[in-house]
Amino acid sequence: MTTSFRRKAAAVAFAVLGLTLAGGGIAVAQPAAKAPDAVQPAARATNSQPPVSAQSARLSRAALKSNVSTLAASTSIVVVNANGTKARGTGTVIKYGTGQYEVQFGYIVTSGVFVATIGRGDACCIPPAGEVSVAPRLSTPNGVFVQTRNSAGTPADLPFHLVVHTS
């Protein structure tokens, strides 16, 4: 009798497994409901950095000259207001155009890790919605380029927090 019970239990288990797989397969095979046509955001203007200005190059050289020690590992934090002024932290901020910022440090950051988020410089309120992108600054070894955009993808002046870690 135990052999018969075991065979029945195994048959029931396989039947349940088969029905489960068949039911899942049928659900997956059904055509998906067509999503309503969504409005596409405006095309992004450009993903290139503006040319390095003479002021930026001068500030970069001065910052690198002032830092005489070689850092093994370093983490720098800067909070920047939407208008390009530094709220707190280290570094020099240069605002190029709408949503385009350069942050320079006193050491080379080209092989560093850059993390940025939209955020206010004060203790009030939730920051505006938007996007932020970071990259090493072209032709400036101690600079980070930051681009901010609104939720539609259009360049916009937004406040941000930037963390740079080098090792």
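**Exercise 1. The buried face of a helix**

Task: In this predicted model, which residues of α2 are buried, and what covers them?

Solution. The buried residues of α2 are S56, S60 and A63. Seen down the axis of the helix, these buried residues of α2 fall within an arc of 70°, so they line one face. The general reason for such a pattern is that an α-helix has 3.6 residues a turn, so residues three or four places apart point the same way. On the other side of α2, the residues A54, K65 and S66 are exposed. The cover over the buried residues of α2 includes the strands β3 (92–97) and β4 (100–104). As for its dimensions, α2 runs over residues 54–66, and the 18 Å from its first C-alpha to its last is close to the 18 Å expected for its 13 residues.

**Exercise 2. The order of strands in a sheet**

Task: In what order do the 4 strands of the open sheet lie, and which are the edge strands?

Solution. The order is β3-β4-β7-β6, and the pairing is antiparallel. The edge strands are β3 and β6, each of which pairs on one side only. Neighbouring strands of this sheet are turned against each other by 25° on average, with direction ignored. Two of the pairings can be followed in detail: β4 and β7 are joined antiparallel over 5 bridges, with V144 of β7 as the bridge partner of V103, while β6 (residues 131–136) and β7 are joined antiparallel over 6 bridges, with Q147 of β7 as the bridge partner of S133.

**Exercise 3. The surroundings of β7**

Task: Is β7 largely enclosed by the rest of the structure or open to the outside, and why?

Solution. The first step is to count: 7 of the 7 residues of β7 are buried, so this strand is largely enclosed by the rest of the structure. The second step is to separate the faces, since in a regular strand the side chains alternate between the two faces of the sheet. In β7, one side carries G143, F145, Q147 and R149 and the other carries V144, V146 and T148, and both faces are covered, these residues all being buried.

**Exercise 4. The nonpolar core**

Task: Which residues of the largest nonpolar core touch the most other members, and which element gives the largest share?

Solution. The core has 14 residues, of which V103, F105, V109, V144, F160, L162 and V164 touch the most other members. Two or more residues each come from β1 (74–80), β4, β7 (143–149) and β8 (160–166), and the largest share, 3 residues, is that of β8. The contacts of V103 illustrate these surroundings: leaving aside its neighbours within four places in sequence, V103 is in contact with V78, T92, V93, N142, G143, V144, F160 and L162.

**Exercise 5. Positive phi in two loops**

Task: Where do C125 and S139 lie, and are they buried or exposed?

Solution. C125 lies in the loop between β5 (113–118) and β6, and its phi is near 65°, a positive value in a residue other than glycine. With a relative accessibility of 56%, C125 counts as exposed, because the cut-off for that class is over 50%. S139 is found in the loop between β6 and β7, a hairpin with 6 residues between the strands. Its phi, near 60°, is likewise positive in a residue other than glycine, and S139 is exposed, with a relative accessible area of 73%.

Methods. Residues numbered from 1 in each chain as written. Predicted model: local features only at pLDDT ≥ 70, side-chain atom pairs only at ≥ 80, totals over all residues. Heavy atoms only, no water. Expected span 1.5 Å × (residues − 1). Buried < 20%, exposed > 50% of the residue type's maximum accessible area, 1.4 Å probe, protein only. Arc of directions from axis to C-beta. Contact = heavy atoms within 4.5 Å. Core = buried A, V, L, I, M, F, W, Y, C linked by side-chain atoms within 4.5 Å. Pairing = 2+ DSSP bridges. Axes fitted to C-alpha atoms, helices over the stretch in contact; angles between N-to-C directions.
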